[in-house]
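Reader: I'm new to this structure and would like a close look at just one part of it. Could you pick a spot and walk me through what surrounds it?

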Amino acid sequence: MADQGEFAGQVAVVTGAARGIGFGIASTLARRGASTVLVDVDRAVLEASVDGLAGAGLTVKGVVADVSSLASVKTLATETLAWKGRIDIVCPNAAVFGSASIVDMTEAEWDRLLSINLKGAFLTLQAFMPAMLERAYGRVVITSSVTGTRTAIPNMIHYATTKAGLLGMVRAAALETAGRGITVNAVAPGHVMTEGAASLYDPEFLAATENHIPMGRLATSDEIADAVAFFASRRAGYITGQSLVVDGGLTLREYPAGYPRV
Ligand SMILES: NC(=O)c1ccc[n+]([C@@H]2O[C@H](COP(=O)([O-])OP(=O)(O)OC[C@H]3O[C@@H](n4cnc5c(N)ncnc54)[C@H](O)[C@@H]3O)[C@@H](O)[C@H]2O)c1
């Protein structure tokens, strides 16, 4: 059951929420009292996830939408605003991963990542902005990454570009809306064990990754969601245009794990 938590009476929308970090964000906000719209392209997984949360007594709604399509996102905004008549929290989180070297990158693959990860976040932000401006209240929390903003991975130049681009979006949107009741921030997760990330890891790679992370393990989606919930709260009202790294110390390392020997 939702408690009468800090988000009671508020409405949140989370994209890419059928699974992974998005599901963690949506369920965390819903558990803390927000009526929450879960958005995804994957209808089957979305329905199962929404049914699970509704079955636990939370106030949730599923909307199938493709964030890279303007028409789809406009319909999403209309349906969301019609549901409870307001929007308080917008979490553009949907993204896809990909792998291609600079030489082998096709224009189609480049465009696919940019249109979902980068344009999709903008279209979501844009679609809900008039309603937030009208009420002079809004919390936008975008899911970026350490990839592209602090670190990089070979053969993921398009992904890194989108995640770094989101921080530019956050700063520009924060400045444009500052003083109008709206804040725009980002979380930058390190390694999170989600359905989307799981396919990247074989047991040896996973063990090596865990060894490399100072805290010795990957994050859970709920740990990322806790940081999102802070930015989404009224308590964070004087913070805008910022990003928070949530990476278990991953980006602190200067030497390989265990070195220098002291
Ligand atoms: N998993 C990690 O280690 C990690 C690390 C840093 C940042 N992130 C970021 O966190 C976010 C979520 O990643 P995840 O690991 O949970 O991924 P995931 O693949 O497990 O979940 C992503 C969800 O987005 C949905 N989606 C894909 N394209 C969509 C579209 N066009 N419209 C609507 N929904 C769409 C998918 O169907 C899926 O349900 C992404 O922004 C990702 O870049 C993930």
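Author: Sure, let's start at Gly-33, which sits just after helix 1 and takes a positive phi of about 110°. Keep in mind that this is a predicted model.

Now step back into helix 1 itself. Helix 1 has 12 residues, which at 1.5 Å a residue should span 16 Å, and its end C-alpha atoms are indeed 16 Å apart. How many of the residues of helix 1 are buried? The count is 12 of the 12, so helix 1 is largely enclosed by the rest of the structure. If you want to click through them, the buried residues run from Gly-20, Ile-21, Gly-22 and Phe-23 through Gly-24, Ile-25, Ala-26 and Ser-27 to Thr-28, Leu-29, Ala-30 and Arg-31. A residue counts as buried here if 20 or more other C-beta atoms lie within 10 Å of its own.

So what does helix 1 pack against? One partner is helix 8: the two axes are 8 Å apart and the angle is about 55°. That angle makes helix 1 oblique to helix 8. As for handedness, helix 1 and helix 8 cross in a right-handed way.

Here's who meets whom. Helix 1 brings Gly-20, Ile-21, Phe-23, Gly-24, Ile-25, Thr-28 and Leu-29. From helix 8 come Ser-221, Asp-222, Ile-224, Ala-225, Asp-226, Val-228, Ala-229 and Ala-232. Sorted by character, the residues of this contact are nine nonpolar, four polar and two charged.

Let's turn to the partner. Helix 8 covers residues 221–232, and its 12 residues reach 16 Å from first C-alpha to last, close to the 16 Å expected. Its buried residues are Ser-221, Ile-224, Ala-225, Ala-227, Val-228, Ala-229, Phe-231 and Ala-232. What do those buried residues pack against? Helix 1 (20–31) is one of the neighbours, and the others are strand 4 (89–91), strand 5 (138–143), strand 6 (182–189) and strand 7 (243–246).

For contrast, try another pair of helices. Helix 4 (residues 107–135) and helix 5 (residues 157–177) have axes that come within 9 Å and cross at roughly 20°. Helix 4 and helix 5 are therefore roughly parallel to each other, and their crossing is right-handed. Among the residues that meet are Trp-110, Leu-114 and Phe-122 in helix 4, with Tyr-159, Leu-166 and Met-169 in helix 5. The contact of helix 4 with helix 5 divides into 11 nonpolar, four polar and one charged.

Conventions: Residues numbered from 1 in each chain as written. Predicted model: local features only at pLDDT ≥ 70, side-chain atom pairs only at ≥ 80, totals over all residues. Axes fitted to C-alpha atoms, helices over the stretch in contact; angles between N-to-C directions. Helix = DSSP H or I, 4+ residues; strand = E, 2+ residues; numbered from the N terminus. Parallel < 35°, antiparallel > 145°, perpendicular 65-115°, else oblique. Left-handed = near helix turned anticlockwise from the far one by under 90°. Contact = placed C-beta atoms within 7 Å. Nonpolar A, V, L, I, M, F, W, Y, C, P; charged D, E, K, R; others polar. Expected span 1.5 Å × (residues − 1).
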